[in-house]
Amino acid sequence: MGGPGGALGCPLTEELVNPDGVGRRTQFQHGTIYWSPSSGAWPVWGQIGTYWCNQGCEAGWIRYPTSYEYTVGNEIRQNFQCTVIHFQALSGGTTRTWSDGNTCV
């Protein structure tokens, strides 16, 4: 991820155990890397991270991340165990963040 000069910046914590007792995380200046045995390790930050945590982070219905952020057209997307979260910058400095339906139901 580029070390201290990269997108996440410097670490703020040691590896922490997530509330589910299974996954782990390390918090950085600009985001967090989450890990679980079923998903691997992936960074989460920005508007996608905010949306995800508003849904309960890894303990919520979206569960753990399973990819890096990636661009499709004018959107930034990130895959999670039970959905894809989308982020789009709109005109006038506004943004929109949403998810696909819950595929784990």
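**Two disulfides, two sets of strands and a helix**

The structure holds two disulfides. Keep in mind while you look around that this is a predicted model. Counting bonded cysteines along the chain, the disulfides follow the pattern 1-2, 3-4. We'll come back to both links once the strands and the helix are in place.

Let's start with strands S2, S3 and S4. S2 covers residues 24–28 and S3 covers residues 31–36, and the two pair in the antiparallel sense over five bridges. Two residues sit between them, making S2 and S3 a hairpin. To find the register, look for Gln-27, which stands opposite Thr-32 in S3. S3 also pairs with strand S4 (residues 40–44), again in the antiparallel sense and over five bridges. Here the hairpin has three residues between its strands S3 and S4. Thr-32 is a handy landmark on this side too: Val-44 is its bridge partner in S4. So much for the register; as for what holds such pairs together, strands of a sheet pair through backbone hydrogen bonds, either parallel or antiparallel.

Next along the chain comes helix H1, which spans residues 46–54 and includes Gln-47. Which residues of H1 are buried? They are Ile-48, Gly-49, Tyr-51 and Trp-52. These four cover an arc of only 160 degrees around the axis, which puts them on the same side of H1. The elements covering the buried residues of H1 include S3, S4, S6, S7 and S8. Gln-47 itself counts as partly exposed, because its relative accessibility is 39%.

Just after H1, have a look at Gly-56, which takes a positive phi of about 105 degrees. This is also the neighbourhood of one of the disulfides. Cys-53 and Cys-57 form that link, with their sulfur atoms 2.0 Å apart. The link of Cys-53 and Cys-57 is right-handed, with 110 degrees about the S-S bond. Buried or partly exposed: how does Cys-57 count? At 15% relative accessibility, Cys-57 counts as buried, since the cut-off for that label is under 20%. Its partner Cys-53, at 33%, counts as partly exposed.

Now for the open sheet of four strands. Its order is S5-S6-S7-S8, and the pairing is antiparallel. Why is one side of S5 and of S8 left without a neighbour in the sheet? Strand S5 (70–72) and strand S8 (95–99) stand at the edges and each has a single partner strand, so one side of each stays free of a neighbour there. On average, and with direction ignored, neighbouring strands of this sheet are turned by 25 degrees against each other.

Walk through the sheet in order. S5 and strand S6 (residues 75–80) run antiparallel and are joined by three bridges; the bridge partner of Thr-71 in S6 is Ile-76. S6 then pairs with S7 in the antiparallel sense over five bridges, and the two form a hairpin with two residues between them. Within this pair, Arg-77 has His-86 as its bridge partner in S7. S7 and S8 also run antiparallel, joined by five bridges. Five residues lie between S7 and S8 in their hairpin, and Gly-92 in the turn has a positive phi of about 75 degrees.

S7 deserves a second look. This strand (residues 83–89) has six of its seven residues buried, so it is largely enclosed by the rest of the structure. Phe-87 has Thr-97 as its bridge partner in S8. These two residues lead back to the helix: leaving aside neighbours within four places in sequence, Gln-47 is in contact with Phe-87, Thr-95 and Thr-97. Gln-47 and Phe-87 are 40 residues apart in sequence, yet their C-alpha atoms are 7.0 Å apart in space.

That leaves the link between Cys-82 and Cys-104, whose sulfur atoms are 1.8 Å apart. Its S-S torsion is about -95 degrees, so this disulfide is left-handed. Cys-82 lies in the loop between S6 and S7 while Cys-104 lies in the segment after S8, so the pair ties together parts that are 22 residues apart in sequence. Cys-82 counts as buried at 1% relative accessibility, whereas Cys-104 is partly exposed, with a relative accessible area of 39%.

Technical notes:
Residues are numbered from 1 along each chain as its sequence is written. This is a predicted model: local features need pLDDT of at least 70, side-chain atom pairs count only at pLDDT 80 or more; totals for chains, interfaces and linings use all residues. Side-chain values use heavy atoms; hydrogens and water are left out. Two strands pair if DSSP finds at least two bridges between them. Axes are lines fitted to C-alpha atoms, for helices over the stretch in contact, and angles run from 0 to 180 degrees between N-to-C directions. Buried means under 20% relative accessible area, exposed over 50%, partly exposed in between (1.4 Å probe, protein chains only). Contact means heavy atoms within 4.5 Å. The arc is that of the directions from the helix axis to the C-beta atoms. A disulfide is a pair of cysteine sulfur atoms within 2.5 Å.
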